[in-house]
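Welcome! Take a moment to turn the model around on your screen before reading on. The notes below will guide you through it topic by topic.

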Amino acid sequence: GKAIEMAPAKPTGKGNGTTGGVLAAASAWATANLAMPEWAEGLGEMQGDDWVAVTVKLSHLTMLIVFAYFHPGHECVNENYNRFNAILKLKRLLRMPILLMADFNNTPQKVEELGWAKLLESNVITPPVDFTCTSGSGRLIDFGLLSYELTGIVELQACNTPWKPHMGIVA
């Protein structure tokens, strides 16, 4: 069995398009929760502009998993920084190890150069594939940032999905 939490996608305002929806499924022995922990209510948000967070409680560990979309193009740089900073603020508020899984629209090297991994106290973690997006020349742009303390515990795998041109990523 699986414990499932869902945050519906929001309309983009561009035709019938939507963005930001997440379905988080955890093993029945784990607890997934999209709500802010009681002790932190009113201090932050578990969902923002093109990102959604869920806490997952395992036997002796509660971690934060964030699913995000970072927009392509130079004109979106400030918007993407603001999105990342909101996620960083939530991680620092909750003081939990994090797995940020995202379509970064950048390579792992570029995300490292931005300093995001260091700020999140994390390492880049990628699925064992050469590319995750088949648009254009094919690039690896869907991957994760994983807290140092979770190294060796979490790995990513690619899976087929109906959402082209991207592969699905499973932790």
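Here is a short tour, from the whole chain down to a small group of charged side chains.

This is a predicted model. The protein chain contains 3 helices and 13 strands. Much of the tour follows helix 1, which spans residues 77–94.

**The chain as a whole**

- Of its 171 residues, 40% count as buried.
- The chain exposes about 9700 Å² of surface, and carbon and sulfur atoms supply 53% of that area.
- Now look at contacts between residues at least 6 apart in sequence: 58% of them join residues at least 24 apart.

**Helix 1**

- Helix 1 is made of 18 residues and reaches 26 Å from its first C-alpha to its last, close to the 26 Å expected at 1.5 Å a residue.
- Which residues of helix 1 are buried? They are Asn80, Arg83, Phe84, Ile87, Leu88, Leu90, Lys91, Leu93 and Leu94.
- What covers these buried residues? The cover includes strand 7 (51–57), strand 8 (62–69), strand 9 (98–103), helix 3 (116–119) and strand 11 (142–147).
- Right after helix 1 comes Arg95, and its phi is positive, near 50°.

**Two nonpolar cores**

- The largest nonpolar core has 26 residues, and Leu64, Leu90, Leu94, Leu100 and Phe104 touch the most other members.
- Strand 7, strand 8, helix 1, strand 9, helix 3 and strand 11 each supply at least two residues of this core.
- Helix 1 gives the most to this core, with 6 residues.
- Try selecting Leu94: setting aside neighbours within four places in sequence, Leu94 is in contact with Met36, Pro37, Trp39, Ala40, Met46, Thr55 and Leu64.
- There is also a second, separate core of 14 residues, and among its members are Val54, Ile125, Leu150 and Leu156.

**Salt bridges around Arg83**

- How many salt bridges does the structure hold? There are 3.
- One of them joins the side chains of Arg83 and Asp49, at 2.7 Å from N to O. This pair links distant parts of the chain, with Arg83 in helix 1 and Asp49 in the loop between strand 6 (47–48) and strand 7, 34 residues apart.
- Are these two partners buried or exposed? Arg83 has a relative accessible area of 3%, so this residue counts as buried, whereas Asp49, at 49%, counts as partly exposed.
- Asp50 and Arg83 also meet through their side chains, in a salt bridge of 3.8 Å from N to O. Because Asp50 lies in the loop between strand 6 and strand 7 while Arg83 sits in helix 1, the pair ties together parts that are 33 residues apart in sequence.
- Both Asp50 and Arg83 are buried.
- Arg83 forms a salt bridge with Glu79 too, and their closest N and O atoms are 3.1 Å apart. Why can these two be placed about one helical turn from each other? It is because Arg83 and Glu79 are 4 residues apart in helix 1.
- A general rule about α-helices helps here: there are 3.6 residues a turn, so residues three or four places apart point the same way.
- Glu79 is partly exposed, with a relative accessible area of 33%.
- Salt bridges that share partners join Asp49, Asp50, Glu79 and Arg83 into one network.

How values were computed: Residues are numbered from 1 along each chain as its sequence is written. This is a predicted model: local features need pLDDT of at least 70, side-chain atom pairs count only at pLDDT 80 or more; totals for chains, interfaces and linings use all residues. Side-chain values use heavy atoms; hydrogens and water are left out. The expected span of a helix is 1.5 Å times one less than its number of residues. Buried means under 20% relative accessible area, exposed over 50%, partly exposed in between (1.4 Å probe, protein chains only). Contact means heavy atoms within 4.5 Å. Accessible areas come from the Shrake-Rupley method with a 1.4 Å probe; for residues, only the protein chains shown count as cover. A nonpolar core is a set of buried Ala, Val, Leu, Ile, Met, Phe, Trp, Tyr and Cys residues joined through side-chain atoms within 4.5 Å. A salt bridge is a side-chain nitrogen of Lys or Arg within 4 Å of a carboxyl oxygen of Asp or Glu.
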